[in-house]
Amino acid sequence: METNLEKARNYVKNHQKNFNPRFRLNYHLMAPLGWMNDPNGLIYFRGQYHAFYQFHPYSKDWGPMHWGHATSPDMVHWQNQPVALAPGEKFDQGGCYSGSAVDYHDQLALIYTGHVFDDPQNNDPFSPDFRQMQNLAISQDGINFTKFADNPIIPLPPQDNDRNFRDPKVWFQNGTWNLIVGSSANNVGRTLIYRSPDLKHWKYFGVLATSTGELGSMWECPDFFALDGYAVQTFSPVGIKAQGDKYQNVFQTGALVGKYDYQNNKFNHGTFNELDNGHDFYAVQTFQAADGRRIAIGWMNMWQTPMPEKLDNWAGAFTLPRELRVANGQVTMQPIKELKGLRQAVLLNKDNFQLENQQGLLTLAGNSAEILLKIALLQQPAASKIGFKLTDQNKNRFCHLSMIAQKAS
């Protein structure tokens, strides 16, 4: 009998060209069909980059989560691989949710959240009838994965936890495996940390970070890493409220930066700062490039936002990879250097384009371009608003803009 994984792989193979390509992007990672969301398991392994993602192959809408998979030599040009994980076992029958990947003795190990319903007839992820647990799957070839026979590796959250208990991120430090997981207690978001000698047997080590309630009810897709002499935790809080110009998106992704004492589990950090004020950067996960750079990739759609590509039977994409650094106590980002390889020809060069209390029009040819924009404010006081828009010649078509701004020193 065909397994759930075989069914998903065969469906993708037989239906992956059944959509209108008009909204497909030129250099972002997308699923071959269906729905995709969170980046999972980003890793450099055996000479190539692997990106997994939350995937529902059977519909343009969110559904029982699978793990899609793609590989790349440079984080820019991606090749789709067979579906890596499909739900169906007693420890993940409701879905294989987000997680991470590590190199475990030259094997590729995936650590992910299994979603289980107490009522087998229920499939509503927002109902109170669910449990979440952490699971392990291992591959010898980086393509085909075997779920650990003794899953779940972390069956239950701490006693004070709410039902939300998901999105494990794993790394090796100080001779042991560390795992943080998104959590909530009394409707307040937090992260928990566990430790293990072998990825299979885990011991709860306590709360890594939390808030007093101002940072949402649940911290999704947490990450924790060392960068430029600091400890950094990134996460996506659910339910955070707007504060003036801050947190204007439906959902956010941001970072805490500080110092971490591994022995005593003490994370002294500053305030939470959004990584990107734009609307397309959620569920961010980071990893180390082959040369040690810390790279971040996010989901380019977010819940409750328009998804015009659904008209063509697919939804979702990854953001372009970004290199992270810490400057002045905050995480900064810039496009990875590998993207320069996409450059072909100069379409427009305006070294001295001046505007004063007016709008200007610059025309570009083609359906994609890189824009390097340097803005100089020539008068004082400085302008209250400045920016630019992209549109087609009829000013009525959807255009996507990947923009990263850097303040000159």
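Here is a short, friendly walk through this predicted model, point by point.

1. **Confidence.** Because this is a predicted model, a good place to begin is how far the prediction trusts itself. The protein chain has a mean pLDDT of 90, and 91% of its residues reach 70 or more. Residues 405-409 are a stretch to read with care: the pLDDT there is below 50, and beyond near neighbours in sequence the stretch has 2 contacts in the model.

2. **Overall build.** As you turn the model, you will meet 1 helix and 22 strands in the protein chain. The radius of gyration is 22 Å, close to the 22 Å that the globule rule gives for 409 residues, so the chain is as compact as a globular protein of that length. Along the principal axes, the C-alpha atoms fill a box of roughly 65 × 50 × 40 Å.

3. **Inside and outside.** Of the 409 residues in the protein chain, 49% are buried. The accessible surface comes to about 21800 Å², and carbon and sulfur atoms account for 48% of that area. Contacts also link distant parts of the sequence: among those with a separation of 6 or more, 52% are between residues 24 or more positions apart.

4. **An open sheet.** Next, look for the open sheet of 4 strands, ordered β5-β6-β7-β8 with antiparallel pairing. Its edges are β5 (95-104) and β8 (146-147); each has a single partner strand, so one side of each is left without a neighbour in the sheet. Strand β7 (residues 131-139) runs antiparallel to β8 and is joined to it by 2 bridges. To find this pairing on screen, start from Ala-137, whose bridge partner in β8 is Lys-147.

5. **Strands β19, β21 and β22.** Strand β21 (residues 322-327) is worth following on its own. With strand β19 (residues 294-299) it shares 2 bridges in the antiparallel sense, and Ala-296 stands opposite Arg-322 of β21. With strand β22 (residues 330-335), β21 forms 6 bridges, again antiparallel; here Leu-324 lies opposite Met-333. The β21 and β22 hairpin has 2 residues between its strands, and Asn-328 takes a positive phi near 55°.

6. **The largest nonpolar core.** Which residues touch the most other members of the largest nonpolar core? They are Tyr-53, Phe-55, Met-75, Phe-287, Ile-295, Phe-318 and Ile-336, out of 29 residues in the core. Two or more core residues come from each of α1 (4-15), β1 (34-45), β2 (48-56) and β19. The largest share is that of β2, with 4 residues. As a general point, nonpolar side chains tend to be buried together in soluble globular proteins.

7. **Phe-287 up close.** One of those well-connected core residues is Phe-287. Setting aside residues up to four places away in sequence, Phe-287 touches Leu-42, Ile-43, Tyr-44, Tyr-49, Met-75, Arg-293, Arg-294, Ile-295 and Ile-297. Met-75 and Ile-295 in that list are also among the core residues that touch the most other members.

8. **Tyr-27 in its loop.** Is Tyr-27 buried, partly exposed or exposed? Tyr-27 lies in the loop between α1 and β1, and its relative accessibility of 26% makes it partly exposed. Beyond neighbours within four places in sequence, Tyr-27 contacts Val-76, Leu-320, Leu-342, Ser-368 and Ala-369. Val-76 is 49 residues from Tyr-27 in sequence, yet their C-alpha atoms are 6.7 Å apart in space.

Definitions and conventions
Residues numbered from 1 in each chain as written. Predicted model: local features only at pLDDT ≥ 70, side-chain atom pairs only at ≥ 80, totals over all residues. Heavy atoms only, no water. pLDDT = per-residue confidence, 0-100. Contact = heavy atoms within 4.5 Å. Pairing = 2+ DSSP bridges. Core = buried A, V, L, I, M, F, W, Y, C linked by side-chain atoms within 4.5 Å. Buried < 20%, exposed > 50% of the residue type's maximum accessible area, 1.4 Å probe, protein only. Rg over C-alpha atoms; globule rule 2.2 N^0.38 Å. Areas by Shrake-Rupley, 256 points an atom, 1.4 Å probe, with all protein chains shown as cover.
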